[in-house]
Each structure stands twice: as structure tokens, then as C-alpha cells.
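User: I am a first-year student and would like to learn how to read a protein model. Could we go through this one together, one question at a time?

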Amino acid sequence: MEAPLVFLLIISVLSCAPDDVHSQGISASENPIPVGRNVTLFSQNQVNTGAWLFNNNIIVIIFPGNAVVATEWTGKVTFDTNTSSLTIMSLQVEDSGTYTLQDVGSNASQLVLSVQEPITGVTLMANESNLVEFNDTVVLTCAVSTGTSLSFTWLNITSEVTADGNVQISEDGSQLTIVQVTRYDQGPFKCNVSNGISQGISLQVSFDISYGPTNPKVSVTPSKDTHITGSDITLSCSAESKPNATIQWLVNEVNINHSDPQLELTNVTESHSGDYQCLLHNSVTSRFISATAMISIMAPITAVMVNRTGGPAIAQEPFTLMCHVTGEVHLIQWWMNGDLVSADNTTVFGVGNKTLTLSPAQPSDAGEYQCRAYNAVSNMTSSPYTVEVYYGPSTPVIMAPSLALTETQVVLNCSSASHPPSQHTWYFNNTMVANTAEYQAGPLHLNMSGTYTCMAFNSITGKNSTADHMLTVLDPVTMASITNVEPHPILNHTFTLTCETKGNVDYITWSHNGTMLYSDGTRNISMDNTTLTFDPILMSHNGSYSCVASNPLSSLASENFNLAVIYGPGMPTIIGDTVALVESSVALSCSAASNPPSDYKWYFNNTIVANTSVYETPPLTTDMSGTYTCKAQNAITGYNSTASTTLTVFDKLQNVRIDVPMKAAIEGYSYTLTCNMSGPAEQVFWMKNGLNLTTDNRITLSLDNITITFDPLDRNDSGLYHCWAMNPVESMASPPHLLLVNFGPETPMVYGPSLAVEGQSINFTCSAMSMPDSHFYWLHNGSIVANSSMFVSSAVSLEMNGDYTCKAKNPVTGMNSTKSLTLTVNEAIRSVMVSNDSIPIDGNNFTLTCEVDGPYDSIQWKKDDVLLGMNMSTANHSYYHMEENRLHFTPLALHNNGTYKCVASNLVGPHQSPAYELLVNYGPLSVEISGPEFDSEKLTFSMMCVADSYPEPEFQWFLNDLPSSAIGIGSIIQISVSLLIEANYTCKAMNPVTNITMSETKTFSLTGSAAAIPSLSQKGLMIVGVFILSVPLLFH
């Protein structure tokens, strides 16, 4: 009975297909895999009831704890009930296909397994090997001896070949077609065959591809546009061609029966010029092509010469040169003195530059002229041709003196611009005296004064020119000397100098210290310049005087006369100290402007004490103070002059100090500093911190600067003070005095919290500007709580509300100052909790309450740590609202599930509650029955009832929906095969919290009627089919 049952089960499973297939649940130990190997198919999930299928054919049927292998797979597969894995042994190609693991209680998983034969014997064949470029098409075929699931890759050398343009690859990839091959398709080609488990590569195949000729070229050596006669020329013909192309040479389209790639032309003549063509032919491709080169041959120039066409070149007349060339000429250039000549308004070139005309010629045109002739293969320069330009004479230039002394000789020189040089003739008063360019006259006499004429004559141009020169003959000056009239030049008196001369004198000049002298307000020169009068003579007239007697040809200067004005004495100048300390010595020096120097005498209180210009005193005493007089006297002028100075002798300064009052220096009160010393002090000044003391309407000095009065004192008056006592001889500073101004305290600065929570620690600090530092006290509501600048309380209470006052007191000024702050102590929030007043049911109103132990100012609600009212959609927000410490849901919905917290805040800060997890009770919203599922061991069918509900509902099963026919409780019902009858099975699900009940009915038919089949899944049909076919055997 067991074998027929299994057979019927297999038939039933084969008739069913999986409902929902996934590929993620199965993996293979190897995929793809070679023929003959074993493979294991693994499942991510264990399957208790189901089947393994191959291409929808049963391999194994799986039962809880057991499995049945189909007859045709017996001995070929093994099944592991613990892991649901399937091992297939000795695989063959036909074992490739889709493997499905069907789980009756879930979805199906699939895997496509590929079993392949290894690749061997890869061969490559071509339909042709000898090809012509652009004419032939080649087909390459790749084949294998063994192998399945083949993939082909084509290689040209090492590059992969892909279908493109003239390259075609068959659909299965085994055939490569190249249409109209090119020279680059010669290979070698290989095909690479692979199938995931192996690969093979063919031997390479290459092609012999004939091509060309293309890219023809004729190169000429040497490479020139034009070649010179007698040279050797090589023409080379080349082209890209396989096989090599045959060559024929043509000159001017005439075949010269030459077939070598090179054509040699030796000792060429002009007859070799022409069009050289190379004709190439490929006998295999039957293609022709040609290339052409033009050869030009030319003879060189053999002679170049320059000649003139007329007479010589004469200035201001036209002059022409001609260039004679033997040979073909393309260009003529003219050169002068090595520089290229260009045409301008006086230089004109003829046709082809064969003539050069200077129109007119200029003296600057003289030089070496050459012409240079060019053609394509040569150039030649003529020998230099010298051009001389004849000109003149111009007006002569006479170089000679116009004045001369008697008994001397003079040379008169005549010159004029002329080529060739002119002939010269001299005339005196129209009488010829010489026929040379240079004429020497003398010794001269007074009657040889007159006009001398020079005539110049050019023998080639036939022109002449004359110039005149006037010569005057004079006697020389022989003496000049200065004498004085008065004996002494005394300041402010009259004084005269005379210049005495001998010889022919035309004029006299005077100079002072080398500078020309003219009459001015105090110095007068006579009409004949012989006398110089000083009226009166001044100090500025001192210096060196000279006179010069002259005529046009000679002059004579006198010896220098040194004038030193006699004067003085002026007011004496006394140099020396005017003040001195007792027991010291003073040197008094006296000087007065005087010529000659004065004699000096010193007087003290009208008593002579010295007769020298310098007087040095003995050690001084205070009774040596007084007037000292210096007297200066000039022995020549007879004048004297006096000057006096006063000397004051001082005692020494000692013991400079600052005295202060006995009282303390307090800001806002009057205070004085006094500078006292021993010895005479003419001046006192004060310094503060190293700088001069500045006074104002508050800081004043006494008339003698000895006392400073601060009225009133300011804290900024603190500092280091000095006083300086001074007299004309010395100064002395007092020791420093440090003035510290006591002040304050100012209004204190207090720091501390204004709010505190009961039990919290607080810290108040106080500071105040004060000199010296203040003493501090803290008072709470008038009672002292601390006697320092800081007040600390470790735990505040509600009784500590109130004003806290800091009092600062200066022990020197006796003043005090206060500042208060107010502390508010708040009662602490001790706990915050979220509570609810009902069961949360979907669709009902629901309220959460924030219970706060302690005072608070506001409450906020959070859901999932986000404040409600923030980041929430309008639709969701419409289901709740907040009222005081409550959060109302009207009504409650599933999307209100989440973690809720409430936050109570007061002035001290926020306090957050523990989390409250809201889970909304709902349903059942739907009920579904799955199954029946067949248990082969227990021989039972089972059905499962599932409901969408929270919490999990209570399930009851009824037969034909009769309340009295309850047949089970729980979500799963099992029915023995022997008790199975055709009926309606109803599942009722009831939520114990919401009290909502919902049911679902499934009809079970043993005959498989149309009414019953639609209500079963394909998996259910599979089990029912097995059962129906098995019932007769069970009861046999």
C-alpha cells in the first residue's frame, strides 16, 4: 500500500506549480559546473513540508522529519532533512535547468543550474588566405571538438574584434566575416572560446593581402627648384604596394624605357629640363597610379662688369653707370662701398636695373660701385668701379689774424672745397704777392696794414672764386704798476690807487680778488681808468687789486696790490662764565675787531687786574662777585673801546627733600607736598612718574613753586614725585616720594544667582574699587551672614528668599558702600509621570495626564523625543489636542503608537518624565484561513486562522457556522483524515480588549467541486489531490 500512495503523491505534486517564486533562497556549491561532478543545492531556510522540483518535475517530496525521492532520481540525489539541501551526483548536460524548492507553508525559491562540457579542440578555418584589398571578403569559422554553452571572442593580434562597419559576427559568435578587406586585416587572427568552466584558444590565422599602389611619390636629390648645368640629379619613385609595383619613367609624356625605382641624370644640360613622371602598376590588384616631378636646368652667369656711359662725374650734372652681364640674368643689384643702393629722388635705375643714373651727381656720391647679377643657380659681382665726383672751388676760407704786432711775422692760409684741389694766388692792395695757398708776411711794419685777397681756380671744372682779409699792424704795451697816494687806508677815510703804464695802451681794466672791478657807490674809476678812488674806504674793500693795460694785440698786468683796511678797535666781546661756585676759578677772554690787533687791559671795580686779553681769577669767594671790564686800544687809529661782564659767585645746594603733612592722603580732601632744601635755589620744578607735573585748577603751585596743593585729591594723583632745586650753577633732585591716594570703596559689584531651587548650593561674591582694600560683610534681610567678600550656602531653603546685601568698608577713609541682589528660592519639581485613565482602543477617545509633584509654569509633550506640534503633518495633528496637563486623542488611531514623555518647566528649568509606551488596541480588522496542510505522519489536515489584531485575539472553530458545533479553539485546527467530511469550516476571532469579533469560512469538498476549488490555494489543491487519490487505498 505504501508504494502506490507515494506514486499518487508524486503525481499530485507534479500537477501543481509554485504560487510565488524567489531566487534568493537557494545557492549552489558550484555554478556553472563541469559534467561528471557532484553539486549541492543549499537552502537558506529549512523546509519541513514541500518538495524539490527540476523543471517542475518532482525530485523529492519533503515531510516533517522525512522525505521521498522520485523513482527516476533514486541513486542520483541525496536529501539532507536537517538543512533541506539537495546533492546531485555525476551531473550530465541534461541536468541543466531550473531547480525549485517549494515550501508548502511559504514561498518557493529557484536556481538555474548550468552543467557544461569542458572545451577542447578549438580550431579556426578561413575560406581564403590570399586576398586583394577592397575586392575580397573573408569568412573565419571557429569550432570546438567538445564543449557546451560556448562564448566566442575574436582577436586581431591582441586587440578584440567587434562588429562594426565591414566587420560582421554571426549570432552565435562562431563566425567572423570581413567585407572588403584592407591591408590592416592581415592578422594574425585567433578565436577564444569559453563557457564559464573552461576556455580554449585557436591557432592563429594570417592573410596575404595584396594592396596598392597608393601614396606615390617622386623625390629629387638634391632637392632644388632649379639645378645648375653639369650637376648630377637622382629621381626616386616609391609607393605603398604589395607585391611591389612595376615602374615606367616618362619625360614630357614620352616613355624613356627605364623601369628602375631610381633615375640617374648626370652632367645635366638645359635640355634635361622637363616633366618627369613615374608610372606604377600592381600586377595582382591590376591598379595603376603615377607621380610627377618638374626638373629645371639653368646655366650659371659667367661675367659681370661696370662701365660709365659718358664723361666724368661733375657735381650738379647727371652721371650714368651700366652693368654688363654674360648669361641669363633674373635680378641686378647695385652696391656702393659695400652697401646696397636704393632708388631715391637723385638715384634712378634703368630697365632691369642695368643702368644707375645719379641725377645730379653729388660729392657724396663718390665711392666704389659694384653690380651683382643673379639667376636661379648662380650670382656674380663685378669688380669695383671707382667714381670720382669733381666739384668747386667754393668760396675760399682764409685763416689768418686780423691784427699783428710790429716786427712779427704772420701766415695767411687760403682753402676752398674743390676736387681736384684748386690753384691759389695772393694779392695785397691788388698786387700779386704769392701763388701758393699759404702766404707768410713779415717782419711787419705799420704800413703793411691793408687788404689781402686769395683767388682759387679748378682746372677741370674751369671755375674760380675769391675772398678778402683785412690785416692791422700795432706796437706792443711794455709796463703796468699800482701806486698809492695816502700812507694808510684807514676805515671811513679816502684812499687812492694809480695804474702807471708805458707803451701804446688803448684801455686799462681794474680787478679785485680776480674779479673785474667797476665803479660803484664807494669806489670810483677815472675816465681814462688810470686811478681808483675809495671814498670812503670800507672793510669790504679789503683784498688783492691789480690793473691790466692792453691794446688789441698785447696786454700787461701789474703786480697785485694787497689792501688791508686799518680799523678798530670794535666793541670787545667777552667770553666766560657769569656765574660760579665758591672756591672755583673762572677764565674771562676779551677780543675786539681791530687792524692791527689791539692792546688789552682788565679792570675789577675800576681797579686794573690784568693787561692781557685773557684774565683767569684766583679761587672765588662771594665778595668777588661784581663787574669785570675789558679795554681794547689800536695804536695806529688811536681809538679804544671797552666792554663789561658781571660775575656772580654762589654757595652750593644741599639736602633737597619733599615734606608731607601728618594726615593721610584721602580722595576728595586737600593735600600738600613741599620741596625744602639748604642753599640758594632760584628755581624749583616738580616731576611725577618721570614726567613734568601738569597743573590745573585742582593742582596748583605756590608762587615760588616750592609747594604743590591738591584741592581736592584724586585717586589718579597717586604716583612717584620728585622736586628739583636749581640755581644758575647747579641743580639737585629730591629722593622720590610715593604718594598713594586712599579712596573708596565705590559701589560694590555683586555676582550670584537670582534664582535657586530648594536644596541647591549658591555662591555670592562681592568686589569694590578701594585703596586700601575694603573689608566686606554679607547681610541677609539686615542680618550678617558672612564677614568676607564671598557668601556660600550649601543647601538653600524657602526661608532664604530675600535681599542679600554686600557692605564694603575702607579702614583708612572710614567710608562704606553697599549693593544688594534679590534671591528667589523656588520649590523643586520632585517627580513627573505620565498616566492614563482608560484602555487605549483604536477609534475611542483617549487621554494622557502629566502628573507633576511640585510647582511648574508650563508643560510640553514629546512623542518619540520630538515635541508635539513640531515636525507633524496637519492630518495627524488633527487627532490630538493639549489641555493644561492633559493630552487628548479624539479619536485614538494606530499612528498614535509611540513613546510619549511630558516635560514640566519652571523658572529653574525643565523636568522630563520617564517614557510612556502607547500601544493602541485594535481589531480584528481582518481574518484569513490558510490550508489545509497535510501531515503524512499523523495523517491529518490542518488549517490556520490569522487575524489582524492587537492584542492577539481568541480563536474558535465551528462546523457549518453552528454555535453548537464548536470543534476547536486556537488559531490552528487539525482534522484526522478519518473524520474529514465535506462541510463549511468557520474561524471566529475575538479581541478580549476591544470585544470585537470577526469570522471567516472555508468550504471543504471531497469531490473537488467547482464551488470548493476556488477557495483553496495551489498548495492546498496539491494536498487535497494527494488525499483524494489515497482514500481508496487507505480503506482497502
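User: In which order do the strands of the open sheet of 3 strands stand?

Analyst: Happy to help! This is a predicted model, where local features need pLDDT of at least 70, side-chain atom pairs count only at pLDDT 80 or more, and totals for chains, interfaces and linings use all residues. Residues are numbered from 1 along each chain as its sequence is written, and side-chain values use heavy atoms, with hydrogens and water left out. With strands taken as DSSP runs of E of at least two residues, numbered from the N terminus, the antiparallel sheet has the order S93-S94-S97.

User: Why is one side of S93 and of S97 left without a neighbour in this sheet?

Analyst: Strands of a sheet pair through backbone hydrogen bonds, either parallel or antiparallel. Here two strands count as paired if DSSP finds at least two bridges between them. One side of strand S93 (927-935) and of strand S97 (972-976) has no neighbour because each stands at an edge, with a single partner strand.

User: Which residue in S94 stands opposite Phe 934?

Analyst: Let us look at the pairing of S93 with strand S94 (residues 940-947), which is antiparallel and covers 7 bridges. In S94, the residue opposite Phe 934 is Phe 941.

User: How many disulfides does a search of the whole structure find?

Analyst: A disulfide is a covalent bond between the sulfur atoms of two cysteines. The search looks for pairs of cysteine sulfur atoms within 2.5 Å. Over the whole structure, the number of disulfides found is 10.

User: Is the disulfide of Cys 414 and Cys 454 left-handed or right-handed?

Analyst: The sulfur atoms of Cys 414 and Cys 454 are 1.9 Å apart. Their S-S torsion is about -90°, so this disulfide is left-handed.

User: How many residues apart in sequence are the parts that Cys 414 and Cys 454 tie together?

Analyst: Cys 414 counts as buried at 2% relative accessibility, and Cys 454 counts as buried at 0%. Here buried means under 20% relative accessible area, exposed means over 50%, and partly exposed is in between (1.4 Å probe, protein chains only). Because Cys 414 lies in strand S44 (residues 410-415) and Cys 454 in strand S48 (residues 450-457), the parts tied together are apart in sequence by 40 residues.

User: Are Cys 590 and Cys 630 buried or exposed?

Analyst: These two cysteines are joined by a disulfide, S to S 1.9 Å. The torsion about this S-S bond is about -85°, so the link of Cys 590 and Cys 630 is left-handed. Both Cys 590 and Cys 630 are buried.

User: What is the handedness of the link between Cys 675 and Cys 723?

Analyst: In this disulfide, the sulfur atoms of Cys 675 and Cys 723 are 2.1 Å apart. With 65° about the S-S bond, the link of Cys 675 and Cys 723 is right-handed.

User: Which strand gives the largest share of the largest nonpolar core?

Analyst: A nonpolar core is a set of buried Ala, Val, Leu, Ile, Met, Phe, Trp, Tyr and Cys residues joined through side-chain atoms within 4.5 Å. The largest one has 22 residues, of which Trp 52, Ile 59, Ile 88 and Tyr 99 touch the most other members. Several strands each supply at least two residues of this core, including strand S5 (50-54) and strand S6 (57-63). The largest share, 3 residues, comes from S6.

User: Which proline is joined to Asn 31 by a cis peptide bond?

Analyst: Most residues other than glycine have a negative phi, and most peptide bonds are trans. At Asn 31 the bond is cis, with omega about 0°, and the partner is Pro 32.

User: Is Glu 884 buried or exposed?

Analyst: Glu 884 has a phi near 50°, a positive value in a residue other than glycine. This residue is found in the loop between strand S88 (880-883) and strand S89 (886-889). Its relative accessible area is 66%, so Glu 884 is exposed.

User: And what does Phe 134 count as at 45% relative accessibility?

Analyst: Phe 134 has a phi near 70°, again positive in a residue other than glycine. Its place is in the loop between strand S14 (130-132) and strand S15 (138-143). At 45% relative accessibility, Phe 134 counts as partly exposed.

Technical notes
Helix = DSSP H or I, 4+ residues; strand = E, 2+ residues; numbered from the N terminus.
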